[in-house]
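Hi,

Here is the structure I said I would pass on. Have a look at it first, and then read my notes underneath.

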Amino acid sequence: MASNRINSDILIIGGGAAGMFAGARLSEMGIRATVLEPTGQTLRKLRISGKGRCNLTNNCTVEQVMKNVMRNPKFLYSALDNLSPQDTMAWFESHGVPLKTERGGRVFPISDKASDVAAALEKSDVRIIKDRAVKILTENGRVTGVRGEHGEYKADAVILATGGKSYPKTGSTGDGYKLAGDLGHTISEPKASLVPIETKEHFSEELWGFTVKNVTLSLYGNKKKPIYTELGEMTFQRYGIAGPLSLSASCYIDDKTDYKIVIDLKPGLSMEQLTKRIQRDFDETSNTPFGESLGRLFPKELRAGMVRLSEIPQDKPCNQITREEKERLARLTKNLTLTVTRLRPIEEGIVTRGGVKTGEINPKTMESKIVSGLYFAGEIIDCDAMTGGYNLQIAFATAETAARAILNTTQDGEATWE
């Protein structure tokens with residue numbers, strides 16, 4: 001190992017959203033911070049989030065954020081009190097990123113460029129060092145610095161913000177779990193969340209990558225009532241389904257229950273209305289083969305699949321289709337049922353469920369209850385949420401809380417972003 005030794009007031013391990021926001025806030029508080037980032041490139045995951053647009057928060061109340069947190073929402077109460085969604089919006093707008101609110105409260109930069117959000121986080125004078133942390137150094141139960149592959153770094157405190165294991169190509173390799181575990185922290189098993197779903201039913205090639213909009217997806221477990229129901233869009237894939245509805249439904253799926261997904265392709269019509277619509281279409285195309293007549297009801301990419309699932313011969317003239325067959329087509333349209341086999345691998349997940357157990361972290365400061373001077377921020381903590389900007393809000397709020405706690409240990413005063 002090189003003899004490189006650098007002194008810094010605060011060391012931040014990880015140059016993602018949480019780490020860079022913590023660095024920016026510490027800089028504004030007059031505290032010197034250094035970010036250790038193995039790739040040397042910061043905010044790689046943020047730059048591709050929201051299809052390159054970056055849904056950076058949700059314009060809603062703190063209570064609404066907590067309702068959308070799947071695991072350990074109460075742990076985040078103090079953090080969200082420190083930095084609400086509106087506070088997050090105010091910070092970015094004051095740093096040159098005008099924002100807009102879209103459907104479901106999702107907040108994006110007006111430019112629709114994630115790079116603008118990244119640029120705001122990178123404006124601070126935080127030092128970035130390309131190195132991978134291999135050990136957090138301690139003495140008498142307190143952090144003293146970090147040993148990297150290329151040097152040793154002394155610091156008064158360390159913020160561990162390495163993210164989870166999802167999207168490893170952006171640098172989220174799970175390094176933080178080992179660093180925390182080596183110091184005695186318990187790690188809840190990292191698993192995929194917000195991830196596509198594999199089903200027993202496989203779709204034909206013409207449907208791969210095809211997106212249906214304004215459909216309702218309902219997820220069922222062992223009870224008659226759905227666990228999750230939402231209107232939106234989803235995408236058929238070779239292995240099952242992807243897209244926004246699939247990602248949200250995946251948050252509710254575990255290894256202990258058998259699940260079914262029911263898709264309503266025409267949620268705007270009741271069963272009775274749909275049956276009448278089918279009858280009317282068939283009356284107007286009485287001599288047309290069944291497969292061709294479905295052009296009025298479904299896009300062309302979906303027709304072959306619906307013909308096959310309905311078990312009605314595609315060349316059967318519409319005026320010969322029985323009442324039972326019409327009702328079967330209507331039921332299929334309103335209740336396209338899929339059997340869940342498993343979630344796609346964690347590498348395809350947008351976020352990671354699991355991580356450092358919240359019971360071992362002080363929720364008011366994000367400081368470790370095991371090692372003094374060690375703080376946590378972002379996805380490494382066992383908290384994950386639905387889509388809609390909530391996960392980035394958690395990252396920013398936990399980073400803000402850690403930064404404020406560090407400020408309070410070094411000087412009197414209040415943190416502010418105005």
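Below is what I found, taken one region at a time.

Keep in mind that this is a predicted model: local features need pLDDT of at least 70, side-chain atom pairs count only at pLDDT 80 or more, and totals for chains, interfaces and linings use all residues. Residues are numbered from 1 along each chain as its sequence is written, and side-chain values use heavy atoms, with hydrogens and water left out.

Let's start with two helices (helices, H or I, are DSSP runs of at least four residues and strands, E, of at least two, numbered from the N terminus). The axes of α1 (residues 17–28) and α13 (residues 390–410) come within 8 Å and cross at roughly 40°; axes here are lines fitted to C-alpha atoms over the stretch in contact, with angles from 0 to 180 degrees between N-to-C directions. On the α1 side, A17, A18, F21, A22, R25 and L26 meet residues of α13 that include L392, F396 and E400 (contact means heavy atoms within 4.5 Å). The residues of this contact divide into eleven nonpolar, no polar and two charged. For that split, Ala, Val, Leu, Ile, Met, Phe, Trp, Tyr, Cys and Pro are nonpolar, Asp, Glu, Lys and Arg charged, and the others, Gly among them, polar.

Both helices turn up again around α6 (residues 114–121), whose buried residues pack against α1, α2 (44–52), α5 (85–94), β5 and α13. Those buried residues are A114, V117, A118, A120 and L121 (buried is under 20% relative accessible area, exposed over 50%, partly exposed in between, with a 1.4 Å probe and protein chains only). They line one face of α6, because they fall within an arc of 160° seen down its axis; the arc is that of the directions from the helix axis to the C-beta atoms.

Strand β5 also belongs to an open antiparallel sheet of three strands, in the order β3-β5-β4 (strands pair if DSSP finds at least two bridges between them). β3 (57–58) and β4 (99–101) are at the edges with a single partner strand each, so one side of each has no neighbour in the sheet. N58 has R106 in β5 as its bridge partner.

Two single residues to finish. I128, in β6 (residues 127–130), is partly exposed at 34% relative accessibility. Beyond its neighbours within four places in sequence, I128 touches M20, V35, G40 and T42.

T358 sits in the loop between β17 (351–356) and β18 (374–376) and is buried, at 14%. Leaving out residues up to four places away in sequence, T358 contacts N72, F75, I381, D382 and C383.

Cheers
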